[in-house]
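Me: Could you pick one spot in this structure and take a close look at it? Once we know what surrounds it, I'd like to hear how the rest of the chain is put together.

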Amino acid sequence: MASTSIPLAASDAQPTVEDLEKKKKKEEKAREKELKKLKAAQKAEAAKLQAQQVSNASKVGKRKNIKREAGDENPEDYIDPDTSFGEKKQLSRQMAKQYDPSAVEKSWYTWWEKSGFFVADSSSVKPPFVIVLPPPNVTGALHIGHALTCAIQDTIIRWRRMSGYNTLWVPGMDHAGIATQVVVEKKIMRERQLTRHDFGRERFVSEVWNWKNEYGGAILEQLRCLGASLDWSRECFTMDEKRSNAVTEAFVRLYKEGLIYRDLRLVNWDCVLRTAISDIEVEYIDIKEKTRLKVPGYESLVEFGVLTSFAYPLEGGLGEIVVATTRVETMLGDTAIAVHPDDPRYRHLHGKFAIHPFNGRKLPIVFDPILVDMNFGTGAVKITPAHDPNDFEVGKRHNLDFINIFTDDGKINSNGGLGFAGMPRFKAREALTAALQEKGLYRGAKANEMRLGLCSRSNEVIEPLIKPQWYVNCNSMAKQALDAVMDDENRKMEIIPKQYVAEWKRWLENIRDWCISRQLWWGHRIPAWYVTLDDDELKELGVYNDHWVVARNEDEARLEASRIFAGKEFKISQDPDVLDTWFSSGLFPLSVLGWPDDTEDLKAFYPTSVLETGHDILFFWVARMVMLGIKLGGDVPFTKVYLHPMIRDAHGRKMSKSLGNVIDPLEVINGITLEGLHKRLELGNLDSAELKVAKEGQVKDFPNGIPECGADALRFALVSYTAQSDKINLDIQRVVGYRQWCNKLWNAVRFAMSKLGDGYHPPKSIVPDIMPFSCQWILSVLNKAISKTVSSLESYEFSDAASAVYLWWQFQLCDVFIEAIKPYFASNDPAFASARSFAQDTLWLCLDNGLRLLHPFMPYVTEELWQRLPPARDCMRKESIMISNYPSIIEYWTNEKVEYEMDVVESAVKSLRSLRSLMPAKERHERRSAFVLCRNDAVAEIIKSHELEILTLATLSSLKVLSENDAAPAGCAVSVVNEAISVYLKLRGTLNAEVEREKLKKKMEEIQKQRDNLTKMMDASGYREKVPSHIHEENVAKLTTLMQELLSFEQASQHLEREIAAEALANESN
């Protein structure tokens, strides 16, 4: 490659072909001169290293000097001065000797925020990139799922911001209807022994607002600890005035289009909260056998997992029909018995009736092939249309009565009969079982597997209940949402990972209408008013379904009622119910940008760019946002959906307070003792048995507590885990490992600062081709790291992106380059003057690019270290790393030849290090002589020309290159690197013959197996006809290489036997 002057800024003009030709000869001479200098330096360094080995007296004197110098240090120089709130952090005069996350992460965030670095500009000409933060509950505290969301989204936003986008990351909070109401209800009961009904609606809602203003939203402050670069100037709350107006407008528009309607249907009813709840708020437990559970409101445990059989007498003395149920109490609402029309046992009962034993109700025997399996049980099924989803459908098919037998708080109502009315439902279960036994209708009970639905908020057993509710007809909107993902010709939205596309399709193709009303006081009041006419016979609210009007406010509702009921006297009253929280959340991408108003933000930032969330709410939230976004916003609300995995503990278990495995991100950031973890459990609501199990779990998983890791290490670990696309098994030790890695970065920059010196300024441009080999190499592989990181981020492969950055920093910059350039700084040898200067420039360039490359993943430590780097000469540097440019590839840094040569060097070094690791511990750090046997001239030339790098990286005292014609060196351990290279390391003592024999034997067997398998495949019938020519050529080359490697190992084995024989002969002579 022709050498060229490479600008530090990628945007500068590249040199022309004429420029390159003019400089070519001059630079070739410079390269030759540089190579001569390096070769001379290699010899000088080898001599120096040998001299160091024997100069023990010098070392002792040096240690004394170091101690004397350390005694002169001022500890204050290593401590950051105090920084005023919101001001740029004041850094210590000297870098601390170790990385301290709490010291590093202090002060930066408030400066970033005050400086306006997070704020988006709706009038910017930059391309927009927008993410809406999934709004956490106002009651919520930061948990590890939030931390994962934050780590991923902030990585994306910081990368895009540095890449020239007008980035907007909108923070918000969800009012969390049920959760917040429960919290405040518990608070007033605990503090004042009052219920919300004692307060009354208006006073209770005022109490909730007071609680929200005082305690709510702590989670948003906690997100700041994680470094989330959210645009706080646009912070919103789902019940603030603008969002409330958007909710009302959406309801009105959808109602006027006929998409919102009111109907009488079954809902998931919570008898404690006295409200319908959504499917996502129901948690199911599998019951395998008879099980007693604690149920709210009951002193005694309630038994589940029992199938009770009983008989219904048949009308006209026809005998009886036996049915079975796990919910005996619901028989009070039975209105039919279903059998299969093909079941010969019951064909004679067509048109007949059973008689209810407690109220005399006649129950028709209906034929239903859809519900009934005549081979299961007795083949007869009791039908309770008002309290079972399947029975509800049977009731509609056969025009049955729908009789509700429960009050809103779960007691038997008057429809249940005088003997049972007023009983709590599970007390009625016991009473009915006894009553059936008394009447001789009880036919026994047995264990039965079942799924029991519990409310995730109250732990109440869910009761299917028939209630009038507001619904959204989702069919047409679901079709649009499905097409947005599935239409290959006009795809508007991509779901990542692709495995969830099938789930998207399944949900939307089988969608049911969405119940959006909740019987709560905290939330968006439904903008519907019931009109009671003076001449109405029945005056109860909602009794006439055609008396509802929907409007934006009461005045508008009154006008609408006057139009519909012209000339009639009436009164109106607003529906007391509130909207499902998911309704306002579904509008969030629109409402946060100002919809329904045509705001500048809406015009600039809608649709947003990506929605990042957990895959568990793909339907409950994501699909609803897409449906409402297309319907009301005219387009999909985002063009990509990235679904992150669910976090489990290190053992793959779901995190649970009762297991003691819940991980608080702030405890990982700040650290916590085992006693502190125990204390957190004690402050919870676990019973004594659960507390004991939870503490035992903590002792096992965190015997020494959790060490302070810092936000950067936690973020990097979480992002690295995203390769596990379904579940993340989070091991805190991995986070600890990344905290230790931060110390590696810290020390790399400390080393650099010591070598750059106080007066160093990087040049405007560099000339890679005349730089030392290791400098050319690290810039070339930096290009590769940049390319891999950017391409991985673009494809939402965050784990791959994090790995690319990590591998470059750890294994290329720190482990190879920094070690390789140390000889240049070991003395003031004039032979190294040029190399030293080039190494300084390259080191600065690597740290500047490397820190910017890493910044989106680890914002705090990269800002602190980047601020310590000297700025480029005559160049205005950005105020913060977070608004500087993200690294991009500089084509002329790429040098495949140099990378290949370093691969050869590294393979030899690794083999030499491997030989060293087998030595006794006390001998491993001694410098030793080594030999490299090269089987071709090209490899020999590479090894010879990079002698200094091998000496340095392998910690050798000398290195000699051998050809196949040279005798193998005596007294050495040998390792075959590949078919072209073998290395020998001089031993001080005797060989461990058996260990060496076994090692060579295993390697030879492995290669022989590979060779045999490949030969067998190539000799197979039809191989040449089936295999493409280029694959055949690759296999021939592979086989040749294996044969050469096998020959090399055979030679090494022969050398070992000669060494053993020579040693034995020497022993005999003695």
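Reply: A quick word on terms first: a strand here is a DSSP run of E with at least two residues, and strands are numbered from the N terminus. Keep in mind too that this is a predicted model.

Let's zoom in on Ile383, which is found in strand E16, residues 380–383. Is Ile383 buried or exposed? Its relative accessibility is 0%, and anything under 20% counts as buried, so Ile383 is buried. What does Ile383 touch, once neighbours within four places in sequence are set aside? One part of the answer is a run on the N-terminal side: Gly333, Asp334, Thr335, Ala336, Ile337 and Ala338 are all among its contacts. Leu371 is another, and Asp391, Val394 and Leu400 complete the list. Take Ala336 from that run: 47 residues separate it from Ile383 along the chain, yet their C-alpha atoms are 5.2 Å apart.

Now zoom out. Contacts across long stretches of sequence show up in the overall count as well: among contacts between residues at least 6 apart, 76% join residues at least 24 apart. The protein has 34 helices and 35 strands, and 52% of its 1070 residues count as buried. Its accessible surface comes to about 49,700 Å², with 50% of that belonging to carbon and sulfur atoms.

Arg935 gives another pairing across the sequence. Arg935 sits in the loop between strand E32 (928–934) and helix H30 (937–945), and its C-alpha is 5.9 Å from that of Glu964, 29 residues away in sequence. Despite being an arginine in a loop, Arg935 is buried, at 16% relative accessible area.

What about the nonpolar interior? In soluble globular proteins, nonpolar side chains tend to be buried together. Here the largest nonpolar core has 168 residues, and Leu730, Trp809, Phe857 and Ile943 touch the most other members. Helix H26 (residues 798–825) supplies the largest share of this core, 15 residues. Look at Trp809 in detail: beyond its neighbours within four places in sequence, it contacts Trp741, Leu745 and Ala748, then Cys814, and also Leu847, Gly850, Leu851 and Leu854. There's a second, separate core too, with 67 residues, including Leu168, Ala481, Tyr500 and Leu508.

Cys814, one of those Trp809 contacts, is buried at 8% relative accessible area. Cys150 is buried as well, at 1%. How many disulfides turn up in the whole structure? Zero.

Helix H5 is worth a stop of its own. H5 runs over residues 144–162, and its 19 residues reach 27 Å from first C-alpha to last, close to the 27 Å expected. H5 is largely enclosed by the rest of the structure, because 17 of its 19 residues are buried. Just after H5, Gly164 takes a positive phi of about 95°.

That leaves the charged side chains. The count comes to 59 salt bridges. Let's take a few, starting with Arg192 and Glu207, whose side chains meet at 2.5 Å, N to O. Arg192 belongs to helix H6 (residues 177–192) and Glu207 to helix H8 (residues 201–215), so to speak two ends of a bridge 15 residues apart. Arg192 is partly exposed at 32%, whereas Glu207 is buried at 14%.

Arg265 and Asp513 also form a salt bridge, at 3.9 Å, N to O. Arg265 lies in strand E6 (residues 260–270) and Asp513 in the loop between helix H14 (501–509) and strand E21 (514–515), so this pair ties together parts that are 248 residues apart in sequence. Arg265 counts as partly exposed, with 24% relative accessible area.

A local pair makes a nice contrast. Arg558 bridges to Glu554, with the closest N and O atoms 3.0 Å apart. Both lie in helix H15 (residues 554–564), four residues apart, about one turn of the helix. An α-helix has 3.6 residues a turn, so residues three or four places apart point the same way. Arg558 is partly exposed at 35%, and Glu554 is partly exposed at 40%. Finally, salt bridges can join up into something bigger than a pair: Glu249, Arg253, Arg552 and Glu556 are linked in a network.

Conventions: Residues numbered from 1 in each chain as written. Predicted model: local features only at pLDDT ≥ 70, side-chain atom pairs only at ≥ 80, totals over all residues. Heavy atoms only, no water. Expected span 1.5 Å × (residues − 1). Buried < 20%, exposed > 50% of the residue type's maximum accessible area, 1.4 Å probe, protein only. Disulfide = S-S within 2.5 Å. Contact = heavy atoms within 4.5 Å. Areas by Shrake-Rupley, 256 points an atom, 1.4 Å probe, with all protein chains shown as cover. Salt bridge = Lys/Arg side-chain N within 4 Å of Asp/Glu carboxyl O. Core = buried A, V, L, I, M, F, W, Y, C linked by side-chain atoms within 4.5 Å.
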